[in-house]
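This report goes through a structure from its ligand site outward to salt bridges, surface and backbone. The sequence and the structure come next.

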Amino acid sequence: MAKIIAGVTSSHVPAIGAAIDNHKTEEPYWKRVFSGFEKSKEWFAKTKPDVVIGVYNDHASAFSVEIVPTFALGCAAEFPPADEGWGPRPVPVVKGHPDLAAHIAQSVILDEFDLTVINKMEVDHGLTVPMNLVMGDPNGAWPCPVIPLAVNVVLFPPPTTHRCFMLGRAIKKAVESYPEDLRVVIFGTGGMSHQISGPRAGLINSKFDKAFLDDLVKNPKKLTKIKHVDLMREAGAEGIELVMWLIMRGALDDKVDEVYRFYTVPASNTAVGHVILENKSRKSGGKAKKAPKKAGKKKK
Ligand code: DHB
Ligand code: FE
C-alpha cells in the first residue's frame, strides 16, 4: 500500500528562484535564506520519497482569469516550467505520476471533493521554488515524480482552511488505498505573512506566523476555524496562501513529529516559514527503510 510518510511546508517566493537561477545564493542576503534549507536537503536525500504531491498555487501562469479551478490535480506525465514573463525557469520538466494522480482523482471525487482533472499544465514558481529549496539542485532531472495540486488563492473566494484540511484527509485516504508500495511526501507551499500591493504592501507579522507554525504542528483543527478575513488581516492579502498548508496537514496523522523548522524574515516581501513533519506511523507502510521491530506480526 502507498503511504504518506511526511509533510513539508515552504514559502515559494519567486525571488528565491531568481537568486538560484542567477547564481546569487552566496550573497549574504540570500545565504541567510538558503542556509535554512541545508538540513532539509539532507532530510530529503535520506528520505528518498517515491512520489511528492506538491500543493501550490498558480499565479495566473497556467490559468488566466478566464478559468480558475479551485482545486486542479495534475494528472499528466509531465509539467514544463511556465514562462512567468522573463522566460521559463531553467529547471527540468516536472515528471508526474499519472497512475497515482488518476487514483487520487477518482477516490477524492467519489468522496465528494470536486477536483478539476488537468491533463496539460505548465507549473510556475509556486511549485518549482520549494522543489529547489527542499530537493536541491536537480542537475538535469528532479529526484522523483511530483503530482501538482494547484489551489486557487488568486481570485476571491479561495477555499476555506477547513475545506483544505478535509481535502487533505481525502488525499490521505486516497493514497492509502493505492495498491503499490509507495512512500509519498506532501508539500504545502506559499505563505507566510506577506502583502504585495496596496497600502499595507510589505506587511509581515512574525508573531502570527510563529503561532501559526505551532498550531500547524500541534493543533491544526484550531486553524480550520480561521476565516479568510482574519487570515488576511493578520497575514496580509497574499498570506491567504497559507490555506494550502492545511491540505498538507490534513493529509498527515493527527499526531506528527516535527523534525525541522526554519523561519526567517524577509525574503523579498515575504516571511519564509518551513517545517518538516513526519507521521509517527511512517514506518508501517510502503518501503520502510528499517524493518519494523515486530516485522511481519501486525498488518493494519
Ligand atoms: C512574492 C511572494 C509570493 O508568494 C509570490 O507568489 C509573489 C511574490 C514576494 O515576496 O515578492
Ligand atoms: Fe505566491
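## Ligand site

The shell around ligand 1 holds 4 nonpolar, 7 polar and 1 charged residues by class; here Ala, Val, Leu, Ile, Met, Phe, Trp, Tyr, Cys and Pro count as nonpolar, Asp, Glu, Lys and Arg as charged, and the others, Gly among them, as polar. This is a predicted model, in which local features need pLDDT of at least 70 and side-chain atom pairs count only at pLDDT 80 or more, while totals for chains, interfaces and linings use all residues. Residues are numbered from 1 along each chain as its sequence is written, chains are lettered from A and ligands numbered from 1 in the order in which they are written, and side-chain values use heavy atoms, with hydrogens and water left out.

The residues around ligand 1 include His12, His59, His125, His194 and Glu241; a residue belongs here if one of its heavy atoms lies within 4 Å of the ligand. Val13, Pro14, Ile196 and Ala267 are also among them. The table gives polar contacts to the ligand, that is, pairs of N or O atoms within 3.5 Å; within protein, one atom must be able to donate a hydrogen and the other to accept it, and residues adjacent in sequence count only if both atoms are side-chain atoms.

| Side chain | Partner | Distance |
|---|---|---|
| His59 | oxygen atom of ligand 1 | 2.7 Å |
| Ser268 | oxygen atom of ligand 1 | 2.9 Å |
| Asn269 | oxygen atom of ligand 1 | 3.0 Å |

Ligand 1 taken alone exposes 290 Å², of which the protein buries 89%. Accessible areas come from the Shrake-Rupley method with a 1.4 Å probe, and for residues only the protein chains shown count as cover.

## Salt bridges

The whole structure contains 14 salt bridges, each defined as a side-chain nitrogen of Lys or Arg within 4 Å of a carboxyl oxygen of Asp or Glu. One of them joins Asp21 and Arg89, with N and O 2.8 Å apart. Asp21 is in helix α1 (residues 14–21) and Arg89 in the loop between β4 (78–79) and β5 (94–95), so the pair links parts of the chain 68 residues apart. Helices (H or I, at least four residues) and strands (E, at least two) are DSSP runs, numbered from the N terminus. Arg89 counts as buried because its relative accessibility is 9%; buried means under 20% relative accessible area, exposed over 50%, and partly exposed in between (1.4 Å probe, protein chains only).

Another salt bridge pairs Arg261 with Asp214 at 2.9 Å between the closest N and O atoms. This pair connects strand β9 (residues 256–267), which holds Arg261, to helix α7 (residues 206–218), which holds Asp214, across 47 residues. Arg261 is partly exposed at 30%, and Asp214 is partly exposed at 40%.

Asp230 and Arg233 form a salt bridge with closest N and O atoms 3.0 Å apart, and both lie in helix α9 (residues 228–235), 3 residues or about one turn apart. Shared partners join Lys3, Lys172, Glu176 and Asp253 into one salt-bridge network.

## Backbone

Most residues other than glycine have a negative phi, and most peptide bonds are trans. The peptide bond from Phe156 to Pro157 is cis, with omega near 0°, and Pro157 lies in the loop between β7 and α6. Val265 and Pro266 are also joined by a cis peptide bond, with omega about -15°; Pro266 is in strand β9.

Glu112 has a positive phi near 80° and is exposed at 62% relative accessible area. Asn139, with a positive phi of about 50°, is exposed at 68%.
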